[in-house]
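Got the viewer open? Let's take a short walk through this structure, one selection at a time.

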Amino acid sequence: MILFAYDGKAERGALLAEIDKALASRGMLPLGQVRHDDKGAPVCDNYFISITHTDVKIIVAVSRVPVGVDIERSDRRPPRGVPDMASWTAYEAHCKSHGEGIRVSDIRSGLPRIRARRFDIFGGYTLAVAGGDDDCETVMLPKR
Amino acid sequence: MVLDELKKIISEKLGVDEADLTADTNLTDDIHADSLDKVEFIMQVEETYGITIDDEAAINFRTIGDVAEYIETHK
């Protein structure tokens, strides 16, 4: 799995082109056509892909197995009943990795036990990855 | 009126000017509510009206008007 990180705002096409460039430099296939499925989740031809962004940070996870990723500012307040932002991002990443929407009923009844990895790529932001390949490389995309 | 109350909740939660909100305001495209914003909004609506919003309905809410219509038929 590769976590592509971009610090700033980026035009989608340009960002995906940078990712293809980085994949090619590793001898890997390009993403292929990136589109949205009927639930609005991104899909591409050659990998499983998950995208998350805040106002100024972008993370794209590219994996050989289903993956979900979520980033939030750490100073945001989680919904009532959710202990912290790490738990929230883990839950959201988990939903994405399973192709499911967020369910308020999960929050009401206490979040299910979730396996997610936490990454500290950007200071002040909480990032969780659910699913994805065991091996993980982080790639900071160049500023445009 | 439900719509006015919803506008007030959204305005307070997301810092959007109430005057800019209408029944047709799209939660994602127009006011850029993310999933965390939407969950907080739905939980606040549930508390305000003493109802439980069905998960499937919540996923399909697109506009403020969709939420108002749901409340009108379920409160």
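Start by selecting chain A: of its 144 residues, 36% count as buried. Keep in mind as you look around that this is a predicted model.

Stay with the whole of chain A for a moment and turn it about. Its C-alpha trace spans about 45 × 30 × 25 Å along the principal axes. Now colour it by secondary structure, and you can pick out three helices and nine strands. Following the chain along the sequence, you meet them in the pattern β-α-β-β-β-β-β-α-α-β-β-β. The radius of gyration is 15 Å, close to the 15 Å that the globule rule gives for 144 residues, so chain A is as compact as a globular protein of that length. If you switch on contacts with a separation of 6 or more in chain A, 55% of them come from residues 24 or more positions apart.

Next stop: a sheet. Select S4, S5, S1 and S9 of chain A, and you have an open sheet of four strands, in the order S4-S5-S1-S9, with mixed pairing. Which strands stand at the edges? They are S4 (48-53) and S9 (137-140) of chain A; each has a single partner strand, so one side of each is left without a neighbour in the sheet. Look across the strands and you'll see the twist, which averages 15° from one strand to the next.

Now zoom in on S1 of chain A, residues 2-7, together with S5 of chain A, residues 57-63. This pair runs antiparallel and is joined by six bridges. Want two to click on? Asp7(A) stands opposite Lys57(A) in S5(A), while Tyr6(A) has Ile58(A) in S5(A) as its bridge partner.

Then swap S5(A) for S9(A). S1(A) and S9(A) run parallel, with four bridges between them. For one of the partners, select Ile2(A), which is paired with Glu137(A) in S9(A). In general, strands of a sheet pair through backbone hydrogen bonds, either parallel or antiparallel.

Last stop: bring chain B into view. Here 10 residues of chain B are in contact with 12 residues of chain A. On chain B's side, the elements that give two or more residues are helix H2 (35-49) and helix H3 (55-60) of chain B. Select H2(B) and you have the largest share of that side, six residues. Finally, colour the chain B side by residue type: seven are nonpolar, one is polar and two are charged.

Definitions and conventions:
Residues are numbered from 1 along each chain as its sequence is written. Chains are lettered from A and ligands numbered from 1 in the order in which they are written. This is a predicted model: local features need pLDDT of at least 70, side-chain atom pairs count only at pLDDT 80 or more; totals for chains, interfaces and linings use all residues. Two strands pair if DSSP finds at least two bridges between them. Axes are lines fitted to C-alpha atoms, for helices over the stretch in contact, and angles run from 0 to 180 degrees between N-to-C directions. Two residues are in contact if their C-beta atoms, placed from the backbone, lie within 7 Å. Ala, Val, Leu, Ile, Met, Phe, Trp, Tyr, Cys and Pro count as nonpolar, Asp, Glu, Lys and Arg as charged, and the others, Gly among them, as polar. The radius of gyration is taken over C-alpha atoms; the globule rule is 2.2 Å times the number of residues to the power 0.38. A residue is buried if 20 or more other C-beta atoms lie within 10 Å of its own, exposed if 12 or fewer, and partly exposed in between; C-beta atoms are placed from the backbone.
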